[in-house]
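Biologist: I should like to request a close look at a single part of this model, set out as one connected account.
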Amino acid sequence: NFIRSFKEKEYLIIYSLLFLAFTWRIFLPDESRGNGIFFQDDFYYYLKTAENFWIKGFFTFDGINFTNGFQPLWQFILLVPSFFFSGENLLKISLFINLFLVIYFFYIFKKILDENNLPFIPLVFLVISISFFPTLCQYIFNGMETALLAVFVILSIRTFNILISEKTSRYHIYFGIFTGLAMLSRLDSFIFFILPYSYLLLINRKYFFTSSLSHLMVTIPYLVWLYISSGSIIPISGEVKNFYSTFKYFFPNPTFQDYFYYLDDVYLNSISFLKYSSFFATPYILKFINFHFYVSLFISFISFVFFFIPFYFVSKKASMKFSVQIILILSVILYSIFQVLYYNIFLIGLDNWTYGLSGLFILYFTFLILALNNFDILFRKYVSGMNISFVIIFAALLQIFPIFSYQNSTKDHISFGGENNNLYVKAYEWANENLPKNSIVGAWAAGQLGFHLNHHTIQLEGLVNSNNFLNILKKEAFVQYTCNQKIKNLFLNDEFRN
């Protein structure tokens, strides 16, 4: 009866693939949960900060220093479950919320496709890809803010399309609210909305001003709080990453030529995250043959042009206005380029969850080639007659590779490891048994460690520290700082031992 109640089996296929692929990962043992295969050490920062809020009455990771080193909306949401739960229960609940957001994102994504006669098959292959490849899984299901960002961006896209197509009055307010919530989900997402807002300014100034006003009403209270509490509208995590910028270190007074020549490093640093997109897939393969950077860049450009060929044929059949399609695609491209350049030049590099939203959209565009020659129609006919048992078996088989990746990661990973090398787990177990109560310790990769320690864990990279820590770094007063904070023990893995 449950299956029959679905009007469209296509939705059930998407839900089954996502649920079966991601649910088991929530119940991974802690010794290998934060090892970078499915989740990163960073997602523990949100959980510990949420727990400490109800204990200390302010946002703090270490229980001593105030911090604003988080993307606000996801941190605020976690305050609700952290009021009732802590430890492993809070962790699992937060991941289930994350999974619900992922499923809801794809629900709205498919709704947009159905409403605008856009192809379904690229979405299926997108879901299969993120279910199969652990690297792509972290694009959206990572325990952090990416899924929340994806939901509000996709809601903004749907609202923007309705606003332009139907000119329904209330939707310009909704558009501003959704873009505001997207920005609170991840502050850099305002880049994504530059073109849609510019388009509104050109075609309907009333819509532009009301959307902008509702956007500002959502975002300004947080920005005011951020400025009053820290003297900046940039969280400490962004300030610290800017301080650690490799580019700034080598070029303290950069010229245009310095920026240009550094693009080679930007490209090489990012290619592991970009290799799944049509823009970078070919040069990623060719880099193993040691092609010159400019040759690879030229091939990237050709790949990028080639990607527009299937888009052209698909767009002709779509009911969505062509101008809206172009604006949305250019917004994805603009946001992607901004992330690649800004995070590599001005910060300390690109991460899966940082690039995740751009990566998802570009993957969908890449798979548009499968929709040519009416193949999408044939695929949908096949899906309509598909036995749901086959979908479940297929989804289960897709997990063979992720499980293999996970098991392989538990063998000889010196920093995180598993059965024989779970150093973080061994570290917090030892500390909880041997250190005096409420000891103050320091660590760089401190997320998983600090989440489980029954002590104050000061994050010495600065991502979830106070804004004053930035002054410590600039004055090179690190040793004095550790003394002032009364840090008695340091937990260092090989990466940070020097």
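Which residues of helix α3 (residues 72-84) are buried, and what covers them?

Modeller: The model is a predicted one, and the reply begins with the helix itself. The buried residues of α3 are P72, L73, W74, Q75, L78, L79, P81 and S82. The cover over these residues includes α2 (43-56), α4, α7 (146-166), α8 and α10. An α-helix has 3.6 residues a turn, so residues three or four places apart point the same way. That spacing may be kept in mind when the buried positions of α3 are viewed in the structure.

Two of the covering helices, α8 and α10, also pack against each other, and their pairing deserves a description of its own. Helix α8 spans residues 171-185 and helix α10 spans residues 205-230. Their axes lie 7 Å apart and meet at an angle of about 30 degrees. Angles under 35 degrees count as roughly parallel, and α8 and α10 are therefore roughly parallel to each other. The crossing in which α8 passes α10 is right-handed. On the side of α8, the contact is made by H172, I173, F175, G176, I177, T179, G180, L181, M183 and L184. On the side of α10, the residues making the contact are Y207, T210, S211, S214, H215, V218, T219, Y222 and L223. Sorted by class, this contact of α8 with α10 holds 10 nonpolar residues and 9 polar ones, with no charged residues.

Two other covering helices, α2 and α4, each adjoin a loop with a residue to inspect. The loop between α1 (9-26) and α2 contains D41. With a relative accessibility of 5%, D41 counts as buried, because the limit for burial is under 20%. D41 and G447 are separated by 406 residues in sequence, yet their C-alpha atoms are 5.2 Å apart in space. On the other side, N117 is placed in the loop between α4 (87-115) and α5 (121-132). Its phi is near 55 degrees, which is a positive value in a residue other than glycine.

A second positive phi occurs elsewhere in the chain: that of K486 is near 60 degrees, again in a residue other than glycine. K486 lies in the loop between α24 (478-484) and β3 (489-491). K486 is exposed, with a relative accessible area of 59%. C483 also counts as exposed, at 55% relative accessibility, whereas C137 is buried, with a relative accessible area of 0%. The structure holds 0 disulfides.

A further buried position is S315, found in helix α15 (residues 293-317), where its relative accessible area is 6%. Once its neighbours within four places in sequence are left aside, S315 is in contact with F322 and Q325.

The setting of these parts is a chain with 24 helices and 3 strands. Of its 498 residues, 56% are buried. Among contacts between residues at least 6 apart in sequence, 71% join residues at least 24 apart. The pair D41 and G447, 406 residues apart in sequence and 5.2 Å apart in space from C-alpha to C-alpha, may be viewed beside that figure.

Conventions: Residues are numbered from 1 along each chain as its sequence is written. This is a predicted model: local features need pLDDT of at least 70, side-chain atom pairs count only at pLDDT 80 or more; totals for chains, interfaces and linings use all residues. Side-chain values use heavy atoms; hydrogens and water are left out. Axes are lines fitted to C-alpha atoms, for helices over the stretch in contact, and angles run from 0 to 180 degrees between N-to-C directions. Helices (H or I, at least four residues) and strands (E, at least two) are DSSP runs, numbered from the N terminus. Angles under 35 degrees count as roughly parallel, over 145 as roughly antiparallel, 65 to 115 as roughly perpendicular and the rest as oblique. A crossing is left-handed if the near helix is turned anticlockwise from the far one by less than a right angle, and right-handed if clockwise. Contact means heavy atoms within 4.5 Å. Ala, Val, Leu, Ile, Met, Phe, Trp, Tyr, Cys and Pro count as nonpolar, Asp, Glu, Lys and Arg as charged, and the others, Gly among them, as polar. A disulfide is a pair of cysteine sulfur atoms within 2.5 Å. Buried means under 20% relative accessible area, exposed over 50%, partly exposed in between (1.4 Å probe, protein chains only).
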